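Let's take a walk through this fold, one piece at a time. Have the sequence and the 3D view open side by side as you read.

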Amino acid sequence: MGDSGRSHQTDQYLPAVKCLNIDTREPNHRLVKQTVTRTVALCLLKATEYQVKLLPNSQFECCSLIEMETLPDVQKLAAEVESTLIKYYSIGEDEWRVGKKTEDVIVWRKPSEEFGGFLYKTQGIVKEAPNRVVDYIRPGPYRLDWDSLMTSLDIVGEFEQDCCLMHYTTAGQLWNVIAPREFIDFSYTTDHQDGLLSCGVSVEYGEKQPNFIRGFNHPCGWFCIPLKSNPDHSLLTGFIQTDLRGMLPQTMVDSAMANSLVNFYNELRNALKA
């Protein structure tokens, strides 16, 4: 059966503005300061992406053309996704059904309230402290090095309060029966209990890339809590509900999700040992 995309309802956003100051006294007009209004949208300075005007003290003000587009209300979105993940974390054990179990990872599932698929819960112990574990999970320099499912990751916007907007692509699965996907996700990391919560949700933003189907992650995230018996080890609990979109049988999606979550723990543990 073919694997093709379908449309999704657009979320509500607010305008974004970014301005950069470039000191013309520096060699090659080096970027020396960032001034952010409401959101940050691009990481690299490219002449085609900015409007430039002269400021006092031999400086240019460069206003990114990204301000013509839209980005989320960051504080509202962060609060909503955090609240949703905490609600998932409190769901009773009797509501979950085991989907896959190995020696050191369990994957459960239940019908999602967000779309026609499943909300997956997964849990396992990782022999590292929460801060280091979450550094490897959240968007940043480590994730692409160890996660074999992820083929690219770009942070396209950075905000206050440990928030960012990222674009990433995933490899095909099940002998490419599930075609490569791309996602635009809002990501937020915050303290939770004695550990950390790294959570996120997809947003409808930017143009779709050719040769990829745009997937959509409904509220998802990872709780990383130190073990009381050994604070240098963590209980890592994830909640994932990904709409892969396309014409895929649900049994195929279930198999791919369960296997990828178990593999996620295995690869993460190996990366942390390195």
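What follows looks at a helix, a hairpin, some cysteines and a few salt bridges. Keep in mind that this is a predicted model.

**Helix 1 and its buried side**

Start with helix 1, which runs over residues 74-89. Does its length add up? With 16 residues at 1.5 Å a residue, helix 1 should span 22 Å, and its end C-alpha atoms sit 23 Å apart, so the two agree.

Which residues of helix 1 are buried? The list reads V74, L77, A78, V81, E82, T84, L85 and Y88. They take up an arc of only 160° around the axis, so they lie on the same side of helix 1. Turn to the face pointing away from that buried side and you'll find the exposed residues Q75 and K76.

L85 is a good one to click on. It belongs to helix 1, and its relative accessibility is 0%, so L85 counts as buried. What does L85 touch once its neighbours within four places in sequence are left aside? The contacts are L197, C199, P219, C220, G221, F223 and F239. Take G221 from that list: L85 and G221 are 136 residues apart in sequence, yet their C-alpha atoms are 6.8 Å apart in space.

**The cysteines**

Two of the contacts of L85 are cysteines, C199 and C220, which raises the matter of disulfides. How many disulfides does a search of the whole structure find? The answer is zero. C220 is in no disulfide, and the nearest cysteine sulfur, on C199, is 8.2 Å away. Since a disulfide here needs the sulfur atoms within 2.5 Å, that pair doesn't qualify. C220 is buried, with a relative accessible area of 12%. C224 also counts as buried, at 0% relative accessibility.

**A hairpin**

Now find strand 7 (residues 97-101) and strand 8 (residues 106-111), which pair in the antiparallel sense over four bridges. One point to check on screen is V98, whose bridge partner in strand 8 is W108. The hairpin that joins strand 7 to strand 8 does so through four residues.

**Salt bridges**

Side chains of opposite charge can pair when their charged atoms come close. In this model the count comes to eight salt bridges. Here are some of them, with the N to O distance for each.

| Acidic residue | Basic residue | N to O distance |
|---|---|---|
| D254 | R109 | 2.5 Å |
| D135 | R138 | 2.7 Å |
| E182 | R214 | 3.2 Å |

Begin with the salt bridge between D254 and R109. D254 lies in helix 4 (residues 250-273) and R109 in strand 8, so the pair ties together parts that are 145 residues apart in sequence. D254 is buried, with a relative accessible area of 14%, and R109 is buried too, at 16%.

Are D135 and R138 buried or partly exposed? D135 is partly exposed, with a relative accessible area of 30%, and R138 counts as partly exposed at 26%.

That leaves the salt bridge of E182 with R214. E182 lies in strand 12 (residues 181-192) and R214 in strand 14 (residues 213-214), so this pair links parts that are 32 residues apart in sequence. Both E182 and R214 are buried.

Key: Residues numbered from 1 in each chain as written. Predicted model: local features only at pLDDT ≥ 70, side-chain atom pairs only at ≥ 80, totals over all residues. Heavy atoms only, no water. Helix = DSSP H or I, 4+ residues; strand = E, 2+ residues; numbered from the N terminus. Expected span 1.5 Å × (residues − 1). Buried < 20%, exposed > 50% of the residue type's maximum accessible area, 1.4 Å probe, protein only. Arc of directions from axis to C-beta. Pairing = 2+ DSSP bridges. Contact = heavy atoms within 4.5 Å. Salt bridge = Lys/Arg side-chain N within 4 Å of Asp/Glu carboxyl O.
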